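Reader: Could you walk me through one part of this structure up close? I'd like to see how a pair of neighbouring pieces fits together, and then what lies around them.

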Amino acid sequence: MQPSVAKRLQHTEEYYFSRKLREIDDMNKAGANVINLGIGSPDLPPHPSVTAALNEHAAKPNTHAYQGYKGIPALRQAIAGWYGRYYNVPLNPDTEVLPLIGSKEGIMHICMTFLQEGDEALIPDPGYPTYRSAVQLSGATPVTYALDAANDWQPDLDALEKQDLSKVKLMWVNYPHMPTGAEAKKGTFEKLVAFATKHNILLCHDNPYSFILNDNPASLMATPGAKEVALELNSLSKSGNMAGWRVGMLVGKAEFLNDILRFKSNMDSGMFQPVQMAAVAALELGPEWYAQLNAIYAGRRKKVFELLNLLGAQFDQQQVGMFVWAKIPAGYADGYAVSDAVLQKAQVFITPGGIFGANGQQYIRVSLCRDEQVFAEAIERVRKNIVQPQTAAI
């Protein structure tokens, strides 16, 4: 017997990278040795104090039991302290902080807590594909709002005001923006808070990239009035090189977090305590940690610029975050065509922008999560195997 798939999954496909990695694995088994520049999975280790804390607490006999659903007090206090030092956002660690087993699960928790059939949620195009899938899995309807280069990848709230917003209950925003690397412009957060307040919309800000190649990390929650209408997700995956550790956080007012806890407490049994103590160590790192990390990423980004120039792609050199977003070269139909050509001819994988929405079709994205020597090899392969159009950078 083959059971039928639940209705909630009928419009949700397997994650693009899950499928693509199988294809790359098959190519590698056939001897291809593909250089993967697609996924933003940090290749660098956490700070030594983080792994030391994990080892220390894992060696104790009393740290292996189930943990509380709200995380240990030390972790909530460390999150609140981190927000205070780097974002100038005061948080009550007992009521306004909720640790997560990765911020990706928080996207689903929020959608399952506040959305249901008949509701609508605004999601950015281009944007992180999980926003759409989480909204669909909740039974609600995703409604895209366009982001484009002409508007510096900021939401056009005047255009949204002209739409029927009566069913919109939630809006996803993400700055620094993935995949474009755009920062929130001056006034963007204030306008978003005013928009959400006016239309009684829960504003959900996904903020995992704020420390990467960015001199001024910012939080939506520092905006006056944000706590009344907004939640913010954050993560140690990128800023702490802890992607596989699955340590995220959700901050906002107590009433919102208590509602989400009703769902979350039915989904997991708490985070491993030694991992929580290691997260405390990561959150207590000083500015020198981020400076060292960004020096490495800056060197890698120069290599990516060189690679994109070889392809003839156009890009903004001021973008921030863990990727470089680029307009495709002339002569290609879309980002998928570029990605396929580079993969098949040069055995280098770069991400087609179309996976992030219709407004990403004419773009490609390159991850910074490889060593400079790997980028040098990728550049050499492209130079030898790809026809070079006229190069340009903006």
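Author: Let's go with helix H4, residues 103-114, and helix H5, residues 129-137, which pack at an angle of about 35 degrees with their axes 8 Å apart. Keep in mind that this is a predicted model. If you follow the pair by eye, H4 passes H5 in a right-handed crossing.

So who touches whom? From H4 come Lys104, Ile107, Met108, Cys111 and Met112, and they meet Thr130, Tyr131, Ala134, Val135 and Leu137 of H5. Sort the residues of that contact by class and you get 8 nonpolar, 1 polar and 1 charged.

Now hang on to Lys104, one of the H4 residues that meet H5, as Lys104 also takes us to the second largest pocket. Among the residues lining that pocket, Lys104 is one of those nearest its centre, along with Gly40, Tyr128, Tyr209 and Lys238. The full lining runs to 23 residues, and H4 gives the most to it, with 3 residues. By class, the pocket lining has 12 nonpolar, 6 polar and 5 charged residues. The space inside comes to about 510 Å³.

Stepping back to the whole chain, you'll find 13 helices and 13 strands. The radius of gyration is 21 Å, close to the 21 Å that the globule rule gives for 394 residues, so the chain is as compact as a globular protein of that length. Along its principal axes, the C-alpha trace spans about 60 × 55 × 55 Å.

Terms used. Residues are numbered from 1 along each chain as its sequence is written. This is a predicted model: local features need pLDDT of at least 70, side-chain atom pairs count only at pLDDT 80 or more; totals for chains, interfaces and linings use all residues. Side-chain values use heavy atoms; hydrogens and water are left out. Axes are lines fitted to C-alpha atoms, for helices over the stretch in contact, and angles run from 0 to 180 degrees between N-to-C directions. Helices (H or I, at least four residues) and strands (E, at least two) are DSSP runs, numbered from the N terminus. A crossing is left-handed if the near helix is turned anticlockwise from the far one by less than a right angle, and right-handed if clockwise. Contact means heavy atoms within 4.5 Å. Ala, Val, Leu, Ile, Met, Phe, Trp, Tyr, Cys and Pro count as nonpolar, Asp, Glu, Lys and Arg as charged, and the others, Gly among them, as polar. On a 1 Å grid over the protein atoms alone, a cavity is a set of points where a 1.4 Å probe fits but cannot get out, and a pocket is an open set with protein on both sides within 12 Å along at least five of seven lines; lining residues have an atom within 4 Å of a point. Grid points are joined across faces, edges and corners, and a volume is the space filled by probe spheres set on the points. The radius of gyration is taken over C-alpha atoms; the globule rule is 2.2 Å times the number of residues to the power 0.38.
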